[in-house]
Structures are given as C-alpha cells and as structure tokens.
Amino acid sequence: INAYVTYETGAWLFAGEIVDSDIGGDATDYLIMANYTLNDSDSVTVRYSDEEGVGTGVTVAYLTALADNLALVAEVSKASPDVGDDITQTAVELLFTF
C-alpha cells in the first residue's frame, strides 16, 4: 500500500507519503516534507523520513533558479541509521531540465 498527499497554500507546499509493505518483511515507512517559496527563483525545503529497519533522516535544501531550465541546489542531510553512527552529508547540485 502506498499513499501520497500534497497540500498547497500560498507560498507553502506540504507533502506526505506512507508505504506499508510485506515485501522482504513487514515494514511501514513514511516521509513528510515542507517547501516554502521565497520568490520567483528561490525556495527552501525540509524533509523528514523514517524507514523501518533502516533509520531516520532529515534534509534541508535551498534551491535557486539560475535560468528557466537551470537550477542550483545546496543541501545538508543527516541520517540516523538503526545500526551505526549518524551520517551527515552535504551536496551542491546543478539541475538542468528539458
């Protein structure tokens, strides 16, 4: 079972997803996200996920549109696995869409 919902109001976009699966064991995973549009070219996104048997994760991302089909994204993610130490990752991405 997979359910996904979004709600948009003004500059805010909220989304949530839940997956209940029996493949490879019984697991329920979910993700919630909030995106705030600052202006025509910039937005900030925060995402939280929980995967049963894997761990949790939080991501904060900033996107700025450089052109109609080119954007720059900077993000920081922290994963807290069920086993092992926390992991923090950073990324800078250049996205070209067509």
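Let's start with Trp12, which is partly exposed at a relative accessible area of 36%. This is a predicted model, and Trp12 makes a handy way into it.

**The aromatic corner**

Trp12 and Phe14 form a stacked aromatic pair, with 5.4 Å from centre to centre and 5° between the planes. The label "stacked" applies because planes under 30 degrees apart count that way. In total, the model holds 4 aromatic pairs. Ring pairs also bring Tyr36 in, linking Trp12, Phe14 and Tyr36 into a cluster.

How exposed is Phe14? Its relative accessible area is 33%, which makes Phe14 partly exposed. Phe14 sits in strand E2, which covers residues 12-21. Across the pairing, Trp12 stands opposite Tyr36 in E3, so that cross-strand position and the ring cluster involve Trp12 and Tyr36 both times.Which residues make the nonpolar surface patch of about 580 Å²? The members are Tyr7, Trp12, Phe14, Tyr36, Leu38 and Tyr62. Patch members need over 30% relative accessible area, and Trp12 at 36% fits that requirement. Phe14 fits as well, with its 33%.

**The sheet**

Zooming out, the protein chain has 0 helices and 7 strands. Read from the N terminus, its elements run β-β-β-β-β-β-β. The 7 strands form an open sheet in the order E1-E2-E3-E4-E5-E6-E7, with antiparallel pairing. Strand E1 (2-9) and strand E7 (87-96) stand at the edges, and each has a single partner strand, so one side of each lacks a neighbour in the sheet. From one strand to the next, the twist averages 15°. As a reminder, strands of a sheet pair through backbone hydrogen bonds, in either a parallel or an antiparallel sense.

Here are three of the antiparallel pairings, each with its bridge count:

| Strand pair | Residue ranges | Bridges |
|---|---|---|
| E2 and E3 | E3: residues 27-37 | 10 bridges |
| E5 and E6 | E5: residues 55-67; E6: residues 70-81 | 12 bridges |
| E6 and E7 | E7: 87-96 | 10 bridges |

E5 and E6 are joined by a hairpin through 2 residues. Within this pairing, Ala65 stands opposite Ala71 in E6.

The hairpin of E6 and E7 has 5 residues between the strands, and there Gly84 takes a positive phi near 105°. If you want to check the register of these two strands, Ala74 has Val92 in E7 as its bridge partner, and Ser77 stands opposite Gln89 in E7.

**Cover and overall dimensions**

How many buried residues does E7 have among its 10 residues? The count is 0, and E7 is hardly covered. E7 is also one of the edge strands, with a single partner strand. For the protein chain as a whole, 17% of the 98 residues count as buried. Along its principal axes, the C-alpha trace spans about 45 × 30 × 25 Å.

**A salt bridge by the last hairpin's strands**

The model has 1 salt bridge. In it, the side chains of Asp86 and Lys78 meet at 3.5 Å, N to O. That distance qualifies because the cut-off for a salt bridge is within 4 Å. In general, side chains of opposite charge can pair when their charged atoms come close.

Are these two partners buried or partly exposed? Asp86 counts as partly exposed at 45% relative accessibility. Lys78 counts as partly exposed too, at 41%.

**The loop after E3**

One more spot to look at is Asn39, which lies in the loop between E3 and strand E4 (42-51). Asn39 is partly exposed, with a relative accessible area of 39%. Its C-alpha atom is separated by 8.6 Å from that of Ala11, although the two residues are 28 residues apart along the chain.

**Pulling it together**

The picture is an open sheet of 7 strands with antiparallel pairing. Trp12, Phe14 and Tyr36 form a ring cluster, and these residues belong to a nonpolar surface patch along with Tyr7, Leu38 and Tyr62. Elsewhere, Asp86 and Lys78 make the salt bridge, while strand E7 stands at an edge.

Methods
Residues are numbered from 1 along each chain as its sequence is written. This is a predicted model: local features need pLDDT of at least 70, side-chain atom pairs count only at pLDDT 80 or more; totals for chains, interfaces and linings use all residues. Side-chain values use heavy atoms; hydrogens and water are left out. Patches are made of residues with over 30% relative accessible area and no salt bridge: like charges are joined within 9 Å, nonpolar side chains (Val, Leu, Ile, Met, Phe, Trp, Tyr) within 5 Å. Accessible areas come from the Shrake-Rupley method with a 1.4 Å probe; for residues, only the protein chains shown count as cover. Helices (H or I, at least four residues) and strands (E, at least two) are DSSP runs, numbered from the N terminus. Buried means under 20% relative accessible area, exposed over 50%, partly exposed in between (1.4 Å probe, protein chains only). Two strands pair if DSSP finds at least two bridges between them. Axes are lines fitted to C-alpha atoms, for helices over the stretch in contact, and angles run from 0 to 180 degrees between N-to-C directions. Rings of Phe, Tyr and Trp (its six-membered ring) pair if their centres lie within 6.5 Å; planes under 30 degrees apart count as stacked, over 60 as edge-to-face and the rest as tilted.
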